[in-house]
Structure formats: structure tokens, C-alpha cells
Amino acid sequence: MAHVPTAGGFEVPLWRAVAVFRVASLAYVCVVLIRDADRYAHPLAAGALVLVMAAWTGVTAIGYADPARRGWPLLLADLAVVVAILLATPWVMGRPALDAGLPTLPVAWLSGPVLAWAVSGGRRRGVVAALVLGATDLATRGMVTPGAFNGAILMLLAGVVVGHVARLSVTAGERLHRAVELEAATRERERLARDIHDSVLQVLALVQRRGAHLDGEAGELARLAGEQEVALRSLISAAGPVPAGAADAPVDLRTLLGRHASATVSLSAPAGPVPLPPPVARELAAAVGAALDNAARHGGGRAWVLVEDEGAVVTVSIRDEGPGFPPDRLAEAVAQGRLGVAQAIRGRLADLGGTARINSTPGAGTEVELTVPRREP
Amino acid sequence: MSGLRVMVVDDHPMWREGVARDLTEAGHQVVASCGEGRQAVRVVAAARPDVVVLDLQLPDISGVEVIQGLRAAHPDVRVLMLSASGEQQGVLDAVKAGATGYLLKSAGLAEFLEAVRRTAAGEPVFTPGLAGLVLGEYRRLATVTSHAAADAEDAAPRLTDRETEVLRLVAKGMSYKQIAERLGLSHRTVQNHVQNTLGKLQLHNRVELTRYAIERGLDD
């Protein structure tokens with residue numbers, strides 16, 4: 001938690017503000033000196049003390065400007081110098097001036113280290129510096145006047161507030177840094193996707209198209225090219241990294257079903273997302289997967305998946321053009337191992353409060369229609 | 001088969017040449033081929049193609065802009081879109097802008113030539129994926145307008161029950177012939193239903209664009 005490395009450079013303006021504060025408060029010190037010098041015990045020494053303060057203001061302004069020098073040596077020296085000036089003040093002003101209630105010579109200037117400590121390390125450091133300086137100030141006066149006490153409290157509050165703001169700005173800087181990195185990664189990914197799209201995908205599609213009608217090895221190569229084209233396409237069009245903390249945020253059913261799309265499985269869906277709670281989407285996708293496995297095993301050929309979002313319900317239909325089976329001959333279906341799948345699919349849908357309609361005609365393939373209600377989360 | 005005048009627009013030279021060769025071998029005439037959308041819009045009036053085979057992803061302007069430009073320069077032209085990846089919103093926007101055919105680039109040669117022929121004849125060429133997109137778009141429009149409580153003129157286009165039924169079957173991969181058999185309709189009727197679903201969407205899109213233009217004009 002030490003002086004945090006600059007992520008977004010957010011604390012640079014804070015350090016500049018501390019330097020400005022020190023110069024401005026030094027100007028006020030000069031005003032106080034000119035006004036009250038004739039009532040001080042040692043006016044010349046007071047002048048010398050103000051010169052020391054001016055010099056130290058310059059040293060800190062330059063010192064804190066460089067991130068490498070913002071370490072403990074300068075912070076401790078800052079506090080020590082200001083404490084020393086504070087300790088010299090009673091002698092310079094003299095008892096009568098202090099008892100008359102005149103402000104101590106450094107007035108607000110002594111808050112400088114409190115701000116520096118707070119900016120460098122947050123609230124806790126600001127409080128420590130404020131307590132040290134406040135205690136020294138009260139001790140040198142030898143009594144607790146309401147004005148002096150107020151000053152100490154204000155200094156403490158300044159330490160807390162500035163420390164808090166400093167922490168916030170560092171955190172904001174780090175977040176911005178991370179966001180910029182993430183954006184760069186996403187851009188790179190999009191650029192890659194474009195490049196792949198422009199080159200590899202086109203060539204694979206061309207190979208497939210020109211070779212699809214050939215027999216033997218050439219036809220096989222064309223088919224392989226087609227499969228790779230589909231795989232690559234789904235890879236580059238897949239959603240980017242999931243935002244953190246979105247564990248139970250609705251997921252897009254299309255993304256889950258996209259994994260099933262291939263050269264033989266066509267996926268039709270709306271252009272926009274089909275959001276569902278993650279468990280519902282996962283169960284539904286699993287049921288679709290089971291239906292597709294079944295279609296591949298028994299249907300053999302192509303299959304089509306249609307996703308429809310009707311607001312209150314989401315419907316997924318799966319169709320194949322396999323041999324199908326007669327609806328009244330379930331015993332035969334059991335023998336073929338089909339009913340097991342059908343029951344598994346029905347079971348999953350029942351758990352979701354939905355329905356599964358399975359329609360099969362011999363010679364005309366099988367159609368499965370899965371419907372789930374969308375409950376408000 | 002009488003040869004068609006075809007224009008090929010694709011930024012990939014290898015693909016462009018392959019397609020042109022396939023079309024020529026099939027007896028069609030490739031009247032122009034370009035790699036950029038703006039160029040295509042410039043030459044379309046002079047080339048007078050029956051069909052433009054258009055890659056949706058061009059380096060200079062979007063597929064929608066190309067289609068609007070082509071139709072403005074040569075109103076009779078029919079557009080068959082091809083895309084290598086299933087850019088879904090892009091395909092839908094292109095259909096709304098007036099393209100009547102859509103095919104994935106991975107489609108086979110016979111399928112491609114058939115699509116060119118049917119697009120030229122004014123028949124809609126749908127993939128199951130496109131039917132899913134169009135179905136989704138009708139549902140989206142219905143929700144948007146019911147929320148906005150629009151007046152009758154802006155009412156979202158709606159599908160008849162029959163059109164929905166046909167479109168769902170197209171989305172599930174059935175051919176027009178299979179659909180006609182299942183629903184006991186003629187092939188021509190099925191085709192008309194599909195055509196109507198596109199027509200209403202394109203009309204609605206034109207109305208929306210005009211309204212938008214008027215609103216912008218009045219605001220300025």
C-alpha cells in the first residue's frame with residue numbers, strides 16, 4: 001500500500017495540488033508575519049523562520065514532483081522539519097503573544113505534511129501525520145485554546161478526506177488501466193477474427209465448394225475443409241471473455257447451442273440474444289444435445305435446430321430426416337434404444353417446467369419440439 | 001437454360017475468379033466483377049446485371065449500403081448475398097434493405113447455381129438460418145411496437161398463421177416441395193408465402209427509413 005506505482009497518473013494532480021496548497025498557505029504566513037511581527041518577541045527570528053519555511057516549500061514541491069523521491073526519507077524529513085519549525089515557534093513569538101491568542105506563525109502551512117502523507121498512503125498515514133502535528137502544536141502552546149483545538153481537528157479531517165480521495169483515485173487509475181488492457185485484448189481478437197475471416201475461411205469455403213462434387217479422396221478433403229471452416233467460424237464468432245461477477249446473469253441460449261452447429265447441423269435463431277437463467281439454458285442445451293446425438297445415431301444425415309423466443313416461452317425444435325419411427329410402436333422404439341433418449345429429454349424438460357413433443361413418422365424423419373416457460377428471475 | 005447476366009462482388013480475388021468460372025461454365029455471362037462496394041455501385045448501371053452475387057463483408061462500405069446503392073442505380077437488380085460466416089444481424093439488415101437471396105459460402109456448387117437462377121427469377125432464396133432470423137425479427141418488431149403503443153400507421157408488420165407455419169418449416173430445413181406436401185399446398189403458394197414475409201419486412205423498413213428521414217428533416 002506504499003506510494004502506488006502510477007497506473008493512470010491520477011495522483012499527479014493531487015501532488016500538484018499539495019504543492020499549490022503549501023505555496024498558498026505560505027503566502028498567508030507572510031501576511032500573518034507582517035501583521036503581527038511587532039508583537040512577537042523575536043521578529044527577526046520570525047522572518048528567518050519564514051524563510052526556512054519558504055525554502056522547505058520549494059524543496060518539497062520539487063521532491064514530491066518525482067515519483068522516485070516520494071518515499072519514506074522525504075516524508076519523514078517533511079514531518080520532522082515542520083515539527084521543528086513548530087517547536088521553534090513559541091520562542092520566536094514569545095509567551096505574551098501566544099497568551100494573547102495570536103495564531104501560531106505556521107498557521108495552515110503546517111498541514112502540508114498531513115496532505116503529503118495522505119496522498120502518499122491513504123487515510124491512515126494522513127491521520128498519523130495529523131496526530132503528530134496536532135499534538136506538537138497543542139503542546140507548544142502549553143494550553144488548549146478552542147481555536148488551536150479546532151485547527152487540530154480540521155487537520156485530522158483533512159488527512160482523512162485527502163487520504164480517502166487519494167486511494168479512490170489510485171483505484172480508479174488501476175481500473176482504467178485494466179479496462180484499457182481488456183479493450184486492447186478485445187480489439188486484437190476482433191482484428192484476428194477479421195483476418196481469419198478474410199483469408200482462411202474464404203479459402204476453406206472455396207476448397208469445399210470446388211471439391212464437394214468430386215469422388216474419393218478429393219471429395220473427402222473438400223468435406224474436411226468444410227468441417228474446419230465451420231469449426232473456425234464458430235471459434236472466431238464466439239463471445240469474448242465473460243465479465244466477472246456474472247455467474248447468475250442470464251446467458252444467451254444461442255451461444256450454448258452454437259457448439260452443436262456443424263457442417264451437418266444447421267442452427268437457426270433470432271439475430272438478438274435469447275437470454276435464459278444459466279441452469280435453464282444449460283439443461284435445455286443438454287436436451288438439445290441429446291436429441292441431436294440421437295438424430296446423428298439413428299438419422300445419420302443432416303439435422304436442423306430452430307430457436308424461437310416468444311417472450312413468455314422459448315422453443316427449440318430439432319428435425320432430422322432419418323428413418324423415423326411409427327408412433328404406435330413404442331416397443332420397437334425401446335428395442336432401438338430410442339425411448340431411453342426420449343424419456344431423458346422429457347425428464348429434463350419436465351424439471352424445467354416445460355414440455356417436449358416428439359413426433360416421428362417412418363420415412364419422414366423425427367421432429368422434437370422443446371418448450372420452456374421463461375420465469376422472471 | 002438461357003444465360004443470365006451476373007455481377008460478382010467479393011473482395012477475395014481467388015473466390016471471385018472461382019465463382020466467375022463456375023458461372024461461365026454453367027452458361028451464364030459474368031458482366032462485371034469487383035472487389036469493393038463503391039465500385040460495384042458505380043458500374044452496376046452500365047453492366048445491367050440480372051443478379052448481383054454479393055459478399056456481405058466488403059472492405060469499404062457495409063452490405064446494406066451496397067444493396068441500397070445497387071437498387072438506386074439499377075432498380076431491377078436482384079441481389080443474392082453470400083457470407084462466409086453467419087453474420088446474423090448483417091444478413092437480416094441486408095434482407096431488410098432489399099436482398100432476396102442468401103447463401104452461405106460453404107454451399108455446394110449445384111446449390112449455388114440454383115440459387116442464382118431462382119434469385120434472377122424473383123424467387124426468395126432462404127437458408128434455414130435466414131428463416132430463423134426473419135421469424136425472430138417479426139417477433140422483435142411485435143414487442144417493440146406493443147411497448148411503444150404506436151399508432152396504426154406504424155403498426156409492426158405481422159405474419160399470418162400460415163406464413164409463420166411456412167417460415168418455421170423453412171427454418172427447420174424443409175424444402176418448398178416438402179412444405180407443400182406437408183401442408184397440402186402448391187409449390188407456388190408456399191413460395192408466395194415466403195416472398196410475402198420478406199416483402200412486408202422490406203416495406204416496413206422503407207417506411208421506417210422515410211419516417212426517420214422526415215423526422216430528421218423537421219428537426220434540422
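User: How do you know what share of contacts in chain A, between residues at least 6 apart in sequence, join residues at least 24 apart?

Analyst: Count the contacts (C-beta atoms, placed from the backbone, within 7 Å). Of those in chain A between residues at least 6 apart in sequence, 70% join residues at least 24 apart. In chain B, 64% of such contacts do. This is a predicted model: local features need pLDDT of at least 70, side-chain atom pairs count only at pLDDT 80 or more, and totals for chains, interfaces and linings use all residues. Residues are numbered from 1 along each chain as its sequence is written, while chains are lettered from A and ligands numbered from 1 in the order in which they are written.

User: What makes a stretch of chain A count as a helix or a strand?

Analyst: DSSP runs decide. A helix is a run of H or I of at least four residues, a strand is a run of E of at least two, and both are numbered from the N terminus. By that rule chain A has 12 helices and 7 strands. Chain B has 9 helices and 5 strands. Its elements run β-α-β-α-β-α-β-α-β-α-α-α-α-α from the N terminus.

User: What makes two strands of chain B, such as β1 and β3, a pair?

Analyst: Pairing takes at least two bridges found by DSSP. Strands β1 (residues 5–9) and β3 (residues 51–55) of chain B have 4 bridges, in the parallel sense. B:V6 stands opposite B:V51 in β3(B). In general, strands of a sheet pair through backbone hydrogen bonds, either parallel or antiparallel.

User: Why are β2 and β5 of chain B said to stand at the edges?

Analyst: Look at the strand order. The open sheet of 5 strands in chain B runs β2-β1-β3-β4-β5, with parallel pairing. β2 (29–34) and β5 (101–104) of chain B each have a single partner strand, so one side of each is left without a neighbour in the sheet. The twist averages 20° from one strand to the next. For β5(B), the partner is β4(B), joined by 4 bridges. There B:L80 has B:G101 as its bridge partner.

User: How do you know whether the faces of β5(B) are covered or open?

Analyst: Count neighbours. A residue is buried with 20 or more other C-beta atoms within 10 Å of its own, exposed with 12 or fewer, and partly exposed in between, with C-beta atoms placed from the backbone. B:G101 and B:L103 on one side of β5(B), and B:Y102 and B:L104 on the other, are all buried, and both faces are covered. Across chain B, buried residues make up 44% of 220 residues. In chain A they make up 34% of 377.

User: Why is B:K105 called buried?

Analyst: B:K105 has 24 other C-beta atoms within 10 Å, which meets the rule. B:K105 sits in the loop between β5 and α5 of chain B. Leaving aside neighbours within four places in sequence, B:K105 is in contact with A:A205, B:L82, B:S83 and B:A84. B:K105 and B:D55 are 50 residues apart in sequence and 8.8 Å apart in space, C-alpha to C-alpha.

User: How are helices α1 and α2 of chain A arranged, and what makes that the right word?

Analyst: Two packed helices are described by the angle between their axes and the distance between the axes. Axes are lines fitted to C-alpha atoms, for helices over the stretch in contact, and angles run from 0 to 180 degrees between N-to-C directions. α1 (residues 12–36) and α2 (residues 43–65) of chain A pack at about 170°, with axes 9 Å apart. That makes α1(A) roughly antiparallel to α2(A). The cut-offs are under 35 degrees for roughly parallel, over 145 for roughly antiparallel, 65 to 115 for roughly perpendicular, and oblique for the rest.

User: What makes up the side of chain A that touches chain B?

Analyst: The contact takes 31 residues from chain A and 29 from chain B. The largest share of chain A's side, 9 residues, comes from α7(A). That side divides into 11 nonpolar, 11 polar and 9 charged residues. Here Ala, Val, Leu, Ile, Met, Phe, Trp, Tyr, Cys and Pro count as nonpolar, Asp, Glu, Lys and Arg as charged, and the others, Gly among them, as polar.

How values were computed:
Two residues are in contact if their C-beta atoms, placed from the backbone, lie within 7 Å.
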